[in-house]
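Colleague: Before we look at single residues, could you take me through this model with the reasoning behind each answer?

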Amino acid sequence: MSLFKKFFKGIIHHRDPDSGDTVKEKGKPKPKYYGTIIPYPNFNASSDASVLQSAIESKGVDEDVIIAILVKRSNEQRQKIKAVYEASSGKNLVKELKSALKSHLEDVTLALLMPPAEFDAYLLRKATKFLGTDEDVLVEILATRSYGELQEIKKAFKQEYKKDLEEVIKGETSGDFTKALLAMLNTKRDESTEVDMELAKKDAKVLFEAGEQNAGTDVSTFINILTTRSGPQLSKTFQHYAAISDLTLPKALQMELKGDIEDCLIDIVKYAWNTPAFFAEKLHHAMKGHGTCEDTLLRILVSRSEVDLQKIIEQYRAMFENTIHEDILNDTRGHYQKILLGLCGPN
């Protein structure tokens, strides 16, 4: 059974705006926290900086100490450690770790020391810099970050690489795929958890008429609806679509579209329908079969560690035979394995 059939036959629970993902704090609703990394209690940036300096400058670099600190501190705390380290030692922590560590452990460590917007900008630059654009990374980041986060990413990209992200995307992609990427980048998507039932029915009908009932697919209509509606709103739209069509929306997209735009719109559908499952599938593909895609592991585990990695790990267990911890143990080794497991939290 394909993953899409699982998505749309209810084996994976659909997203419900009333699923209780908020708690009350002083009378105001506050989203529940599903990250695996929480701010370290009794945090002391000076102490951490001193310990890291000792671990880096010892005769043999103490990777265990470096890992223990970085995976137990929030990103905000790591930024403070970086600042204190430079102020107290006169040295740049990132450069010091780059010299002290190697291979995949170095990559994860440096990623953890970047602020989120800077890390995403780095990923987008990497995806567009070399021969062959990494379309999956472009779609993943642009589809899964909020409008506010995307504005910060654009600023970080411009500051770090002296280029406008929008112009880079235009130069590296083409056609409807470019239109979809720019719509995700620049459109202020509705981020409400409330669902407009009438709009969901209307959108389902419009999508049906733009695709299956049309001689040629009206891609602009798909892009407009899929890049402007909230996740809960789209989930309800997909349910109504299934009621008026013999096909699920993903299957219809597969039949109507080809290439990058097909993959792009299907990923938007997946993300809106079940966000943890979207990332769990990517992690599973990164470790299944021969060879491991370290870039995918690093990207998702680091970027979601303070967002929803707990949910992704739970979904992974529900979807596949092994837990993510078991697959990491089977597919990785040494200190690289240790830092990935540290990001995942207890099994």
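Modeller: Buried here means under 20% relative accessible area, exposed means over 50%, and partly exposed lies in between. Please keep in mind throughout that this is a predicted model.

Colleague: With those cut-offs, is T109 buried or exposed?

Modeller: T109 lies in helix 6, which spans residues 103-112. Its relative accessibility is 1%, and because the cut-off for burial is under 20%, T109 counts as buried.

Colleague: Which residues does T109 touch, once those up to four places away in sequence are set aside?

Modeller: One distance gives some context, since V94, 15 residues from T109 in sequence, has its C-alpha 8.7 Å from that of T109. For contacts, which require heavy atoms within 4.5 Å, and without counting residues up to four places away in sequence, the partners of T109 are I66, L70, L97, L101 and I339.

Colleague: Staying with helix 6, is S103 buried, partly exposed or exposed?

Modeller: S103 is also found in helix 6, and its phi is near 55°, a positive value in a residue other than glycine. Most residues other than glycine have a negative phi. With a relative accessibility of 46%, S103 counts as partly exposed.

Colleague: K162 also has a positive phi although it is not a glycine; is K162 buried or exposed?

Modeller: The phi of K162 is about 60°, and K162 sits in the loop between helix 9 (147-161) and helix 10 (165-172). Its relative accessible area is 63%, and because the cut-off for this class is over 50%, K162 is exposed.

Colleague: Turning to the interior, which helix contributes the largest share of the largest nonpolar core?

Modeller: The largest nonpolar core has 100 residues, and those with the most contacts inside it are V108, L265, L301 and I324. The largest share of this core amounts to nine residues, and they come from the helix that spans residues 260-273, namely helix 16.

Colleague: D263 is in helix 16 as well; is D263 buried or partly exposed?

Modeller: D263 has its place in helix 16, and its C-alpha is separated by 17 Å from that of T128, a residue 135 places away along the chain. With a relative accessible area of 39%, which lies between the two cut-offs, D263 is partly exposed.

Colleague: Which residues does I324 touch, not counting those up to four places away in sequence?

Modeller: I324 is among the residues with the most contacts inside the largest nonpolar core. Leaving aside residues up to four places away in sequence, I324 touches L283, M287, L301, I313, Y316 and C344.

Colleague: How are helix 20 and helix 21 oriented relative to each other, roughly parallel or roughly antiparallel?

Modeller: The axes of helix 20 (residues 324-331) and helix 21 (residues 334-344) come within 10 Å and cross at roughly 175°. By class, their contact has six nonpolar, two polar and no charged residues. I324, H325, I328 and L329 in helix 20 meet Q337, L340, L341 and C344 in helix 21. Because angles over 145 degrees fall in this class, helix 20 is roughly antiparallel to helix 21.

Colleague: Where do the buried residues of helix 19 lie around its axis?

Modeller: In helix 19, residues 309-319, the buried residues are L309, I312, I313, Q315, Y316 and M319. They cover an arc of only 165° around the axis, so they lie on the same side of helix 19.

Colleague: What is the relative accessible area of Q315?

Modeller: Q315 has its place in helix 19, and its C-alpha lies 6.1 Å from that of P276, although the two are 39 residues apart in sequence. Q315 is buried, with a relative accessible area of 13%.

Colleague: And R304, which residues does it touch beyond four places in sequence?

Modeller: R304 is found in helix 18, residues 294-304, and at 4% relative accessibility it counts as buried. Not counting residues up to four places away in sequence, R304 touches T144, R145, T275, F279, L309 and I312.

Colleague: Finally, which residues are in contact with Q233, leaving aside its neighbours within four places in sequence?

Modeller: Q233 has its place in helix 14, residues 231-244, and is buried, with a relative accessible area of 3%. M197, 36 residues away in sequence, has its C-alpha 8.2 Å from that of Q233. With neighbours within four places left aside, the residues in contact with Q233 are E194, V195, D196, L199 and A200.

Notes. Residues are numbered from 1 along each chain as its sequence is written. This is a predicted model: local features need pLDDT of at least 70, side-chain atom pairs count only at pLDDT 80 or more; totals for chains, interfaces and linings use all residues. Side-chain values use heavy atoms; hydrogens and water are left out. A nonpolar core is a set of buried Ala, Val, Leu, Ile, Met, Phe, Trp, Tyr and Cys residues joined through side-chain atoms within 4.5 Å. Buried means under 20% relative accessible area, exposed over 50%, partly exposed in between (1.4 Å probe, protein chains only). Helices (H or I, at least four residues) and strands (E, at least two) are DSSP runs, numbered from the N terminus. The arc is that of the directions from the helix axis to the C-beta atoms. Axes are lines fitted to C-alpha atoms, for helices over the stretch in contact, and angles run from 0 to 180 degrees between N-to-C directions. Angles under 35 degrees count as roughly parallel, over 145 as roughly antiparallel, 65 to 115 as roughly perpendicular and the rest as oblique. Ala, Val, Leu, Ile, Met, Phe, Trp, Tyr, Cys and Pro count as nonpolar, Asp, Glu, Lys and Arg as charged, and the others, Gly among them, as polar.
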